[in-house]
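This report describes parts of one protein structure. It begins with a helix and then turns to a single loop residue.

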Amino acid sequence: MARRSIPLLKHLLSTRSQSQSNSLGSTRWVTYMHRPGDGTPRPVTMIPGDGIGPLVTGAVEQVMEAMHAPVYFEKFDVHGDMKAVPSEVLDSIRKNKVCLKGGLVTPMGGGVSSLNVQLRKELDLYASLVNCFNLPGLPTRHDNVDIVVIRENTEGEYAGLEHEVVPGVVESLKFCSERIAKYAFEYAYLNNRKKVTAVHKANIMKLADGLFLESCREVATKYPGIKYNEIIVDNCCMQLVSKPEQFDVMVTPNLYGNLVANTAAGIAGGTGVMPGGNVGSEHAVFDKIAEQKTANPVALLLSSAMMLRHLQFPAFADRLETAVEKVILEGKYRTKDLGGTSTTQEVVDAVIDALD
């Protein structure tokens, strides 16, 4: 009886919705009541960066203008071969609280510090978040993938705390903090996520990764509605490529998270379509999770949608995400990395045309 009543209820609701739509033109639900002044345009620091960065940040500018989004950009010319992030750039981000960034090339070896790491340390952007999920219309090996990888961003291996003990012997210091565990569980709680998985290598690094697990376990006790489990990083990689749908939110120390996030992105469709950002208690920087050779604007467009939601402009974020998803689903305009032949501008134009 109960099973038969469900289709009937759906039919009645559908009929009622159609009737309302016909009589009112469209049904609009109030989902966000803003505070007075929330519509004031917000300044956002923009760093176009190196390589394809100017192309994809330019794509974001075009789409924001087409949507009449309440943001405007303060642009700065920064490149990865600089010795340090210019002070005026840091001042702008501290003032605006939000930054949108293209890729900055990181020199290999030679003692040159990464500007990406400098930004994270200067602004204390301790949490990196990457959402790896299936986009309808984009064929992948696995379905039902929706993974959020949250990694520690300022401590651990990427802190750059290393030195040469004696010639030929280099020591790298690794440590983790409780706050990344708190952020991961808080994210899961606020976004109705059901499980948090801690990725570690405590079977070998018993003190450093053991401390990380202790922090995660302690925080987990404060969220009884969220399932918590742990997985060794090498088994994690194997499980990711064989059964990724088992994962929900993953929290990791610095180095593991970089590997896990890129692996998850590759499984879900590639780094060209996966949004990400870095956040601290005061500031947030939104970017792509990896440097690309193909100027696919989708990842940074979706990252900018994350930015809009962070700025409390949810309707604009929804419009942008819906337009991007529509273009991907139709499959007519795709860059080379997604099996198409479209240029960056052609994809941007398609997204603008798809805006509701």
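In helix α8, the buried residues (under 20% relative accessible area, 1.4 Å probe, protein chains only) are Asn254, Tyr256, Gly257, Val260, Ala261, Ala264, Ala265, Ile267 and Ala268. Because they cover an arc of only 155 degrees around the axis, they lie on the same side of α8. The arc is taken from the directions from the helix axis to the C-beta atoms. These buried residues pack against β4 (127-133), β5 (146-152), β8 (195-200), α6 (208-220), α7 (233-242) and β10 (249-252). After α8 comes glycine 269, with a positive phi near 145 degrees.

The model is predicted: local features need pLDDT of at least 70, side-chain atom pairs count only at pLDDT 80 or more, and totals for chains, interfaces and linings use all residues. Residues are numbered from 1 along each chain as its sequence is written, and side-chain values use heavy atoms, with hydrogens and water left out.

The average pLDDT (the predictor's confidence in each residue, from 0 to 100) is 87 for the protein, and 83% of the residues score at least 70. Over residues 1-25 the pLDDT is below 50. Where pLDDT is low, the predicted coordinates should not be read in detail.

Asparagine 296 sits in the loop between β12 (284-288) and α9 (298-310). Asparagine 296 counts as buried because its relative accessibility is 1%. The table gives two distances from its side chain.

| Partner of the asparagine 296 side chain | Distance |
|---|---|
| Backbone nitrogen of valine 298 | 3.0 Å |
| Side chain of aspartate 337 (polar contact) | 3.1 Å |

A polar contact is a pair of N or O atoms within 3.5 Å; within protein, one must be able to donate a hydrogen and the other to accept it, and residues adjacent in sequence count only if both atoms are side-chain atoms.

Key
Contact = heavy atoms within 4.5 Å. Helix = DSSP H or I, 4+ residues; strand = E, 2+ residues; numbered from the N terminus. Buried < 20%, exposed > 50% of the residue type's maximum accessible area, 1.4 Å probe, protein only.
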